[in-house]
Amino acid sequence: MYQKMHNSMCISKLIPWDLIENSQNCLPVEMKIHLTAIITRLKSFNENKMDLSKKWVESSLILIEACLDRTWEILNSGYWQSVPINHRYCYSLCTILKTILLEFQYDDHEVTKNINLLKVMVQEIDKGILLGAPLPNMPCLLPTIAAKLNKCCTSKSLGTSTLKELVINSENLLDSTLPGFSEICCYNEPSMELFYREIFMPKVPALLKGCIKHWKALERWQDLNYLSSIAGNRTVPIEIGSRYTNDDWTQQLLSFSEFLQKHILEKRNEVGYLAQHQLFEQIPELKDDFMVPEYCSFTDNDEVESPDINAWFGPSGTVSPLHFDPKNNLLCQVFGYKRIILYHPKDSPNLYPYDTRLLNNTAQVDPMNPNYNTWPNFIKAKGLVGYLKPGEMLYIPPTWWHHVTSLTPSFSISFWWA
């Protein structure tokens, strides 16, 4: 019998059980029937009103696993946008309950077993963050649990202590000029007024220098052991393949430390890219190292919204094919070097966008290796080119086409807003 909480993380103590009970109203009916009894019993146990048997814990884990499997099938049955939100809530809640039940396997006398168990628990919560949805009235619960668990997991020290060791002769990469391109206009610490008048309102791309020099991330994130200590055991989605338009492109879930070792520190034929991921919602501890640029306070409508913040972290050779986004974009370079090629929205007919639903914002033509026989009108397109260095950021107006290549290992943060 489990008569009191064991000497572990006590995840159940972090749970607002009254809110968890209320969240059952958001679940699919077929799942609610199975989960209600487990929630009620775990709440009573947490309040020291009843004991739990090992047999009940084991049978409840089996039931939770079945609910996760069923929900996983629904999450992967069609377009992600069309997945009912109550099934995503269900997946999040199931990962929480599974983690609480797994904690009963913690044994104070078996260090190795406990470390492995904690990593499994962190992995389960991360799956809830990545595949589920923040539970109503407690949107930060899963990241809070994951952060607490992660602090108890030791991250293995990496062989390379700083990214500077990987970025060699980077300045030579920026000397080459591309024929037929114009340079992106450059500004040094533009005032809010100047940015609004000369860049934001006329929707002109601009390279901005000196605007994020106060970010702690510029120095801290060059230390890969620092990143690993915060995020090493966390599960993140990695794109495999140099660009998402390739036939062999795929995605994998890896631990952050595994990603660092396999795709940043080691030279591999396959390219792994942590791309367009809301890493800082998943691991909010990293938010302390940067700030949202003030330029994001300007808006094209009457409402000021918080920007969508995405991480882009990968080795040399990652490519974002020529594409456009519907929102304003500030692409901020934390470390490494990138080449950016831009085209005005008026050039869209000359760039040959795909006519498929998923890729209609992506061009078929490759500006670095154009086939004029296949894409004859591309010769009419007039491109801009610029090189993004550490501590710089690039303003990309809505619907401007952009092609991005990492010339070295690189970490960027993008801020998208309307």
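Which residue in β12 is the bridge partner of Lys 209? In this predicted model, that partner is Glu 392. The pair belongs to an antiparallel match between β3 and strand β12 (residues 392-396), held over four bridges.

On the other side of the story, β3 (residues 206-209) also runs parallel to strand β2 (residues 186-188), and three bridges join the two. Here Lys 209 turns up again, this time as the β3 bridge partner of Asn 188. To get from β2 to β3 the chain goes by way of helix α7 (residues 192-200), and the resulting β-α-β crossover is right-handed. Strand β12, for its part, also pairs with strand β9 (residues 328-335), again in the antiparallel sense and over four bridges. Within that pairing, Cys 332 has Met 393 of β12 as its bridge partner.

These strands are part of an open sheet of nine, laid out in the order β2-β3-β12-β9-β14-β7-β6-β4-β5 with mixed pairing. At its edges sit β2 and β5 (250-255); each has a single partner strand, so one side of each has no neighbour in the sheet. On average, and ignoring direction, neighbouring strands of this sheet are turned by 25° against each other. Helix α10 (residues 256-265) packs on the sheet, where it touches β4 (235-240), β5, β6 (272-277) and β7 (308-314). The direction of α10 makes about 120° with that of β5.

A further open sheet has five strands, in the order β1-β11-β10-β13-β8, and its pairing is mixed too. Its edge strands are β1 (182-183) and β8 (319-323), each of which pairs on one side only. Inside this sheet, strand β10 (residues 338-343) and strand β11 (residues 383-388) line up antiparallel over six bridges. Leu 342, for instance, finds its β11 bridge partner in Leu 384.

Now for the helices. Helix α2 (residues 29-46) packs against helix α3 (residues 54-75) at an angle of about 145°, and their axes lie 11 Å apart. The crossing of α2 past α3 is left-handed. From α2, the residues in this contact are Met 31, His 34, Leu 35, Ile 38, Arg 41 and Leu 42. They meet Trp 56, Ser 60, Leu 63, Ile 64, Cys 67, Arg 70 and Thr 71 of α3. Sorted by class, the contact of α2 with α3 comes out at eight nonpolar, three polar and two charged residues.

Methods
Residues are numbered from 1 along each chain as its sequence is written. This is a predicted model: local features need pLDDT of at least 70, side-chain atom pairs count only at pLDDT 80 or more; totals for chains, interfaces and linings use all residues. Side-chain values use heavy atoms; hydrogens and water are left out. Axes are lines fitted to C-alpha atoms, for helices over the stretch in contact, and angles run from 0 to 180 degrees between N-to-C directions. A crossing is left-handed if the near helix is turned anticlockwise from the far one by less than a right angle, and right-handed if clockwise. Contact means heavy atoms within 4.5 Å. Ala, Val, Leu, Ile, Met, Phe, Trp, Tyr, Cys and Pro count as nonpolar, Asp, Glu, Lys and Arg as charged, and the others, Gly among them, as polar. Two strands pair if DSSP finds at least two bridges between them. A crossover is right-handed if, with the strands pointing away from the viewer, the path from the first strand over the helix to the second runs clockwise.
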